[in-house]
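Reader: I have a structure open beside its sequence, and I would like to learn how to read it. Could you walk me through it?

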Amino acid sequence: DQPSRNMQRILGQQDHSVFIALESIHSKYQFYIDVFLSGQMTELEFLESIQYHDSWRFPWKHYRPIFELAKKNKWKIIGLNTEGNLKNRDLHAADIIADLTFNHPHYKIFIFYGEYHIIPKHIPLLVEKKIKKAPRYCIIYQNLDTPYWKMTKNKMKSNVIKFNQKEFSIQSSPPWIKYQSFIH
């Protein structure tokens, strides 16, 4: 999965303390994440404990390298997901991210969340309201439909699109590949 590989490349260039926050794992399973990263649980035990295959339909092989990087670098992975509608899930994720931002100001926090959650008026705005200041952040979308078609129409060579100082998109595959991945 190209989006996963893009994120692995970005994470692989980090040389300081990092938190990786994932939508793919429910926050109620944080204990199991910590135990797995410490090497005290097998991958199969971990996946069963967090009910991965029942709760998240994307292949584990896309996330495994991120966990391997975290283990290697002794980074912490945080589960962000919860039950409820989009608003409740965003509020829950924003609470966790705000706590991490406030309590660990020198860490970089990489948040892997769906594109509808990470637009500036959703989770970033909620985090800002909770910590009472604008956090420094950068949003990297992946494989957005409209930019892909504009890129194709304008015959752009770069696969990175800059929308503004804080928002970019990496266009590494056409929309139909993204949707095919969702289906499978």
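Author: We will go from the overall shape to the cores, the strands and a few single residues. Keep in mind that this is a predicted model.

Reader: Good to know. How many helices and strands does the protein chain have?

Author: The protein chain contains ten helices and six strands. Its radius of gyration is 17 Å, close to the 16 Å from the globule rule for 184 residues, so the chain is as compact as a globular protein of that length. Along the principal axes, the C-alpha atoms fill a box of roughly 50 × 40 × 35 Å.

Reader: And what share of the residues counts as buried?

Author: Of the 184 residues, 42% are buried. The protein chain exposes about 11100 Å², and carbon and sulfur atoms supply 55% of that area. Sequence separation is worth a look too: among contacts between residues at least 6 apart in sequence, 67% join residues at least 24 apart.

Reader: Which residues have the most contacts inside the largest nonpolar core?

Author: They are Leu11, Ile20, Ile25, Phe46, Phe67, Ile77 and Phe112, in a core of 27 residues. The elements giving two or more residues to this core are α1 (2–12), β1 (18–26), α2 (30–37), α3 (43–49), α5 (64–73) and β3 (108–112). Apart from it lies another core, of 18 residues, which includes Ala93, Ile123, Ile139 and Leu144.

Reader: Suppose I click on isoleucine 25. With which residues is it in contact, leaving aside neighbours within four places in sequence?

Author: You should find Ile33, Phe46, Ile50, Phe67, Gly79, Leu80 and Asn81 in contact with isoleucine 25.

Reader: Now the strands. How do strands of a sheet pair?

Author: The general idea is that they pair through backbone hydrogen bonds, either parallel or antiparallel. Here, β1 and β2 pair in the parallel sense over five bridges, and leucine 22 stands opposite glycine 79 in β2.

Reader: Why is strand β2 described as largely enclosed by the rest of the structure?

Author: Just count its buried residues, meaning those under 20% relative accessible area. Five of the six residues of β2 (residues 76–81) are buried, so the strand is largely enclosed by the rest of the structure.

Reader: In what order do the strands of the three-stranded open sheet come?

Author: The order is β4-β6-β5, with mixed pairing. β4 (139–142) and β5 (160–162) are the edge strands, each pairing on one side only. From one strand to the next, the twist averages 25°. β4 pairs with β6 (residues 167–170) in the parallel sense over four bridges; one pair to look for is glutamine 142 with its bridge partner in β6, isoleucine 170.

Reader: I always check backbone torsions. What sign of phi do most residues other than glycine have?

Author: Most of them have a negative phi. Glutamine 51 is not a glycine, yet its phi is positive, about 55°. That residue lies in the loop between α3 and α4 (52–55) and is partly exposed, at 42% relative accessibility. Lysine 74, also not a glycine, has a positive phi of about 60°. Lysine 74 sits in the loop between α5 and β2 and is exposed, with a relative accessible area of 75%.

Reader: One last residue: where is aspartate 145?

Author: Aspartate 145 is in helix α9 (residues 145–154), partly exposed at 24% relative accessible area. Try a distance here: aspartate 145 and proline 174 are 29 residues apart in sequence and 7.7 Å apart in space, C-alpha to C-alpha.

How values were computed. Residues are numbered from 1 along each chain as its sequence is written. This is a predicted model: local features need pLDDT of at least 70, side-chain atom pairs count only at pLDDT 80 or more; totals for chains, interfaces and linings use all residues. Side-chain values use heavy atoms; hydrogens and water are left out. A nonpolar core is a set of buried Ala, Val, Leu, Ile, Met, Phe, Trp, Tyr and Cys residues joined through side-chain atoms within 4.5 Å. Buried means under 20% relative accessible area, exposed over 50%, partly exposed in between (1.4 Å probe, protein chains only). Contact means heavy atoms within 4.5 Å. Two strands pair if DSSP finds at least two bridges between them. Axes are lines fitted to C-alpha atoms, for helices over the stretch in contact, and angles run from 0 to 180 degrees between N-to-C directions. The radius of gyration is taken over C-alpha atoms; the globule rule is 2.2 Å times the number of residues to the power 0.38. Accessible areas come from the Shrake-Rupley method with a 1.4 Å probe; for residues, only the protein chains shown count as cover.
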